[in-house]
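Hi everyone, thanks for coming. Today I'd like to walk you through how some helices pack against each other, so please have a look at the screen.

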Amino acid sequence: MKRFVLRTGVRWKISFAIAAVSALIAMALSVVVHNAARLSMLDNARSTQLDRVLDAQRWYESSKGGEPSRGTKINDPKLPRELQRLMKQHRRGSYVHDGPGSAPQIWAAVPLANGEVLSRRSEFPERSALILKDLDRALIIGSVSVVLGGSALGVLIGGQLSRRLRKAAAAAATVAEGNTEVRVRDSIGGVVRDETDELARAIDALTDALNARIEAERRVTADIAHELRTPVTGLLTAAELLPPGRPTELVRDRAQAMRTLVEDVLEVARLDSASERAELQEISLGEFVSRRVRALNPDVPVEVLHSAWVNTDPRRLERILLNLLTNAAKYGRAPIEVTVEGRVVRVRDHGPGFPEALLREGPSRFRTGASDRAGTGHGLGLTIASGQARVLGARLTFRNAAPEGDEAGGPGAGGAIAVLWLPEHAPTNTGSFPMLGVAE
């Protein structure tokens, strides 16, 4: 089962975290302040009530058994049990009876010399209740303001961090596309130094290390190929001097194969160096492909749905077509079909299809994929085709055709399809190419 994943940005995560913490702190402080204010008001009310009872006691005792003052009672049957317990101990006291759905009642009682109990009861002062409501309202407004302010601060801080991370990701993607001159640290900019800068420096260091390793491998490959070119040429020349016969044909065939391999390795090294530039000409794509395919393999039909004029390098385009047709003839099965539609060229065979590794990772030198499709070869044909497409600013994609009744093609589905997307605009003299958002 596919697990549900909630995707959101760093900005909103930080904003939500700050808002949640602000809400919890504001709620806790509001409860503490409310309870402290309420307890303080109740304590003041109890103290005031007790003072009034003591004044009433002095008046009652001075009047020698007269009527108690207004608001006080003698031996009130509703006296709370807590105060009754204190009266039995001949102690004065006060009590707050907080009943549900009603205002708190403030009680105060004192024992008299004759054994009777003088008490007074009144409700919580309305003024104090209004003050407490105003305090609660102020606490709510303050809490909401704190949460909104915290959210705004979180958006501001998270937005800054998110922008830096997005710039770093965009710069890293540019490096992955082959522009190794881009520095991630310079791209994110900013005055504040944080973990984003450490990440950028680590990516830049990794890029430098990979570039150095790739350049070293490219130089070694190019040097080996250059060193092999002279002896291989001499070997091929010597093979031409051998007397006719089957052994001579085998030697010449192997020497020619070795020479082709050396030339292919040199071409890959040149493409890897990113120093190749296209020599542009304006051509009619449908006519050019039909003519070149007819010259390369007369048995392959070309269907031109509609042609377009493109500004490209004919020599490199012919090289791409040659490698795609050679790959289809060598590892696929007939019929091989070529289709031209505008700026798009498709080459399809009806063999076992491209191996899964090639579909997932793209062409790789000296790796020919599954044994059913690449029992021989060095894996350089499609690698060179992809490299030449990059020089043209084009895009070369690979997929497998789905058999009848199937939705998607996998390895061995119903033939291999290579699609060349030529750009609307030609590459510039500096070697920068337009990005193509089209996908097959």
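I'll start with confidence and then go through three helix pairs.

First, please keep in mind that this is a predicted model. Averaged over the chain, the pLDDT is 77, and 77% of the residues score at least 70. There are weaker stretches, though. One of them covers residues 369-378, where the pLDDT is below 50, although the model still gives this stretch 26 contacts beyond near neighbours in sequence. Residues 428-440 also have a pLDDT below 50, with 27 contacts of that kind.

Now to the helices. Two packed helices are described by the angle between their axes and the distance between the axes. Let's use that for each pair.

Our opening pair is H1, residues 10-62, with H3, residues 126-176. Their axes lie 7 Å apart, and the packing angle is about 160 degrees. An angle over 145 degrees counts as roughly antiparallel, so that is how H1 and H3 run relative to each other. Their crossing is right-handed. What classes of residue make up the contact of H1 with H3? There are 19 nonpolar, twelve polar and four charged residues.

Next, find H7, residues 285-296, which packs against H8 with the axes 10 Å apart and an angle of about 50 degrees. That angle makes H7 oblique to H8. This crossing, too, is described as right-handed. If you'd like to click on the residues, H7 brings Leu285, Phe288, Val289, Arg292, Val293 and Leu296. On the H8 side they meet Pro314, Leu317, Glu318, Leu321, Leu322 and Leu325. By class, that contact has ten nonpolar residues, two charged ones and no polar ones.

Stay with H8, because it takes us to our last pair. H8 spans residues 314-331, and its partner here is H10, residues 381-391. The two axes come within 9 Å and cross at roughly 155 degrees. H8 and H10 are therefore roughly antiparallel. Left-handed or right-handed, which is the crossing of H8 and H10? It is left-handed. From H8, the residues in contact are Arg316, Arg319, Ile320, Asn323, Leu324 and Asn327. They meet Gly381, Leu382, Ile384, Ala385, Gln388, Ala389 and Val391 in H10. Sorted by class, this contact has seven nonpolar, four polar and two charged residues.

That's my tour, and I'm happy to go back to any of these pairs on the screen.

Technical notes: Residues numbered from 1 in each chain as written. Predicted model: local features only at pLDDT ≥ 70, side-chain atom pairs only at ≥ 80, totals over all residues. Heavy atoms only, no water. Axes fitted to C-alpha atoms, helices over the stretch in contact; angles between N-to-C directions. Helix = DSSP H or I, 4+ residues; strand = E, 2+ residues; numbered from the N terminus. Parallel < 35°, antiparallel > 145°, perpendicular 65-115°, else oblique. Left-handed = near helix turned anticlockwise from the far one by under 90°. Contact = heavy atoms within 4.5 Å. Nonpolar A, V, L, I, M, F, W, Y, C, P; charged D, E, K, R; others polar. pLDDT = per-residue confidence, 0-100.
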